[in-house]
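Visitor: I'm new to this one, and I'd like a close look at a single part: the second largest pocket. Could you walk me through what surrounds it and how the chain gets there?

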Amino acid sequence: MQHTDSSQKQDVTVLAEVNRGSGQSIRLMRSTFNGHEYYNLRLFWENDTGEVVPTKKGVTFRMDEPEKVKTILDAWQSDVNRNERRES
C-alpha cells in the first residue's frame, strides 16, 4: 500500500500489518519525508465510519537503527521465555 501526501512531501509504504482485534492493528511502514527515509511502527484503529486511521501511539526509526530495534525485541523475547519457564 502506498500513499503520497504532496503537502508534506511524504511517501509511505506499508510493509506489514498485524491485527490486534477490536478494530486495531499495528503497521510497519517505510516513509520518505523531505528526502529522508524512516521506518514507523504505529497503532491504527477503525473509527465509527469504518475508516482505518492512525493513533498518536507509535515510534519512528531512522534507516540506520534496525539493530537497535532488534536488541529491544530480543530482550522482550528473552523476558517472555523466562516467564513461560517460571509458569510451567
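Guide: Let's start with the chain itself. From the N terminus on, the elements run β-β-β-β-β-α, so to speak a list of one helix and five strands. Keep in mind that this is a predicted model. Of the 88 residues in the protein, 18% are buried.

Now to the pocket you asked about. The second largest pocket has a volume of about 310 Å³. Three elements give two or more residues to its lining: β4 (36-46), β5 and α1. The helix α1 gives the most, with five residues. If you want to pick out the lining on screen, look for Leu-28, Tyr-39, Leu-41, Phe-61, Arg-62, Met-63, Glu-65, Pro-66, Val-69, Ile-72, Leu-73 and Trp-76. By character, those residues divide into 10 nonpolar, no polar and two charged.

Let's zoom in on two neighbours in that list, Glu-65 and Pro-66. Glu-65 sits in the loop that links β5 (52-62) to α1 (66-87), while Pro-66 belongs to helix α1. Is Glu-65 buried or exposed? Glu-65 counts as buried, because its relative accessibility is 13%, and the cut-off for buried is under 20%. Pro-66 goes the other way: its relative accessibility is 52%, so Pro-66 counts as exposed, given that exposed means over 50%.

Both of them can be set against Tyr-39, another residue of the lining. Along the sequence, Glu-65 and Tyr-39 are 26 residues apart, yet in space their C-alpha atoms are 9.1 Å apart. For Pro-66 and Tyr-39, the chain separation is 27 residues, and the C-alpha atoms are again separated by 9.1 Å.

Next, the strands behind this lining. Leu-41, which also lines the pocket, stands opposite Val-59 in β5. The two strands concerned, β4 and β5, run antiparallel and are joined by eight bridges. They form a hairpin with five residues between the strands, where Gly-50 takes a positive phi near 90°.

Leu-28 is another lining residue, and following Leu-28 takes us into β3, where Leu-28 is the bridge partner of Ala-16. That pairing belongs to β2 (residues 10-21) and β3 (residues 24-33), which run antiparallel with 10 bridges between them. In β3 you'll also find Arg-27, the bridge partner of Glu-17. Arg-27 has something else to show: this residue lies over the face of Phe-44, at 4.1 Å from the ring centre. As for rings paired with other rings, a search of the whole structure finds zero aromatic pairs.

A bit of background helps when you look along these strands. In a regular strand, side chains alternate between the two faces of the sheet.

On the other side of the pairing list, β3 also joins β4: the two run antiparallel, with 10 bridges between them. Two places to check are Gln-24, which stands opposite Trp-45 in β4, and Ser-31, which stands opposite Tyr-38 in β4.

Finally, have a look at the turns that connect these strands. Most residues other than glycine have a negative phi. Which makes Ser-22 worth a stop: Ser-22 is not a glycine, but has a positive phi of about 55°. Ser-22 lies in the loop between β2 and β3, and these strands form a hairpin with two residues between them. With a relative accessible area of 80%, Ser-22 is exposed.

Asn-34 is a similar stop, in the loop between β3 and β4. Here too the hairpin has two residues between the strands, and the phi of Asn-34 is near 50°, a positive value in a residue other than glycine. Asn-34 has a relative accessible area of 46%, so this residue is partly exposed.

To tie it back to your pocket: the lining draws two or more residues from each of β4, β5 and α1, with α1 giving the most. Leu-28 also belongs to that lining, and Leu-28 lies in β3 as the partner of Ala-16.

How values were computed: Residues numbered from 1 in each chain as written. Predicted model: local features only at pLDDT ≥ 70, side-chain atom pairs only at ≥ 80, totals over all residues. Heavy atoms only, no water. Phe/Tyr/Trp six-rings, centres within 6.5 Å; stacked < 30°, edge-to-face > 60°. Lys NZ or Arg CZ within 6 Å of the ring centre and 35° of its normal. Helix = DSSP H or I, 4+ residues; strand = E, 2+ residues; numbered from the N terminus. Buried < 20%, exposed > 50% of the residue type's maximum accessible area, 1.4 Å probe, protein only. Pairing = 2+ DSSP bridges. 1 Å grid on protein atoms, 1.4 Å probe; cavity = no way out; pocket = protein on both sides within 12 Å on 5 of 7 lines; lining within 4 Å. Points joined across faces, edges and corners; volume = space filled by probe spheres on them. Nonpolar A, V, L, I, M, F, W, Y, C, P; charged D, E, K, R; others polar.
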